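Visitor: I'd like a close look at a single part of this model, please. Take me through it step by step, and explain the terms as you go.

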Amino acid sequence: MIRFENVTKRYRGTKRPALSGVDFEVQRGEFVFLVGASGSGKSSCLQLILREESPTSGRVAVLGRDLRSIANRKVPYFRRSIGSVFQDFRLLPSKTVYQNVAFTLQVTGASRGFIQQAVPEALALVGLSGKEKRLPHELSGGEQQRVAIARAIVNRPQIVLADEPTGNLDPGTSVDIMQLLARINAGGTTVLMATHEAAFVDQMQRRVIELRDGEMVRDEVGGGYGDTSNVPRLEPEAIRGAAATAALQTVREVHRQTEAAIADPVPAPAEDRVLAQTQTAAPQQPTVKPADDVRPATHPITIPAVDLAELGVADRLGLDTGDDEEVGPVS
Ligand code: ADP
Ligand code: MG
């Protein structure tokens, strides 16, 4: 789904590379923390995934495509398969909550019917039903970030990238945002979250990729944050610990529910159960179980059909890359 092959990124006029020899692969449906101190290269990784930057050497592949193979004018369409969330929310200040979320879809030429269905659904998912008419400055920071998340997911991207999404929020609100990202991930969306917030990562027991001075020093499934002694802390440790514990419990509950759903997808009729039992002795047949799609063991590399459809629509509407600058992530 996301693959870095020996990626080095050197910005013009800098001595040390921002990333050097970074190699990892994120599978569909994973929740991955990208951690490391400020300046370790987290945002650079996300910018490479969005093709806001290109590697100096090495290769980045996303959704089965080598990003070098995407023509510049197609980049905005490629970016539409990725939802992005940032520390500073990046909402359009003069547009309402509803308009902020709908805007992405309007620019991509979605039908009015789809917009009328998708926007309220996204707002409901992030818990903002009833606040459609508010302007961003009439919302709390946490609510603004939830609008940004609704905007990121409204066109159902396969990947959500979050760059320090809790960086401007207090611990309690950060828990809500983590819970939300965990829920989005539980729905099958791949989530890659850059953070230097040790407490969350320590306790969430998810995959952790750690960068130090641009080098990958750890890729651990179910890891903690590692050596946190150099990480500056903005809030008292006790508060952070409590917030992280609450986040952990919430996330575990979401995953317990998801795993229960996977283990026992649909209460099968009795005769199916008998059939399933008799089949276990026979050589394994591929059985059709929709819930298995939630977490495929392999890593299928696909170009989503919706991309192609969007291309057609966008081309017909004559949208150019300029349009996307307002919607897409800006560096
Ligand atoms: P992080 O997100 O972990 O704080 P960044 O990816 O932003 O790290 O930065 C990694 C390194 O690259 C830092 O040394 C930073 O100063 C440098 N850097 C990032 N963006 C640019 C840029 N556009 N031009 C020059 N140097 C940059
Ligand atoms: Mg950063």
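Guide: Let's start at ligand 1, where a backbone N or O atom of Ser-40 lies 3.2 Å from an oxygen atom of the ligand. Gly-41 does something similar, with a backbone N or O atom 3.0 Å from a ligand oxygen. Ser-44 takes part through its side chain, where an N or O atom is 2.6 Å from an oxygen atom of ligand 1. Such polar contacts are pairs of N or O atoms within 3.5 Å; within protein, one atom must be able to donate a hydrogen and the other to accept it, and residues adjacent in sequence count only if both atoms are side-chain atoms. Ligand 1 taken alone exposes 560 Å², and the protein buries 61% of that. These areas come from the Shrake-Rupley method with a 1.4 Å probe, and for residues only the protein chains shown count as cover.

A word on what you are looking at: this is a predicted model, in which local features need pLDDT of at least 70 and side-chain atom pairs count only at pLDDT 80 or more, while totals for chains, interfaces and linings use all residues. Residues are numbered from 1 along each chain as its sequence is written, chains are lettered from A and ligands numbered from 1 in the order in which they are written, and side-chain values use heavy atoms, leaving out hydrogens and water.

Now for the shell around the ligand. The residues around ligand 1 are Tyr-11, Thr-14, Ala-18, Ala-37, Ser-38, Gly-39, Ser-40, Gly-41, Lys-42, Ser-43 and Ser-44; each has a heavy atom within 4 Å of the ligand. Three of them are nonpolar, seven polar and one charged. Here Ala, Val, Leu, Ile, Met, Phe, Trp, Tyr, Cys and Pro count as nonpolar, Asp, Glu, Lys and Arg as charged, and the others, Gly among them, as polar.

From the shell we can step into helix 1, residues 42-49, which is mostly covered: seven of its eight residues are buried. Buried means under 20% relative accessible area, exposed over 50%, and partly exposed in between (1.4 Å probe, protein chains only). Helices (H or I, at least four residues) and strands (E, at least two) are DSSP runs, numbered from the N terminus. The buried residues of helix 1 are Lys-42, Ser-44, Cys-45, Leu-46, Gln-47, Leu-48 and Ile-49. Just after helix 1, Arg-51 takes a positive phi of about 55°.

Further along, Leu-63 sits in the loop between strand 4 (57-62) and strand 5 (65-66). Leu-63 also has a positive phi, about 50°, although it is not a glycine. Because its relative accessibility is 3%, Leu-63 counts as buried.

Strand 7, residues 159-163, has five of its five residues buried. Ile-159, Leu-161 and Asp-163 are on one side, Val-160 and Ala-162 on the other, so to speak two covered faces. Strand 7 pairs in the parallel sense with strand 6 (residues 82-86) over five bridges, and two strands pair if DSSP finds at least two bridges between them. In that pairing, Phe-86 stands opposite Asp-163. Five bridges also join strand 7 to strand 8 (residues 190-195), again running parallel, with Leu-192 as the bridge partner of Leu-161.
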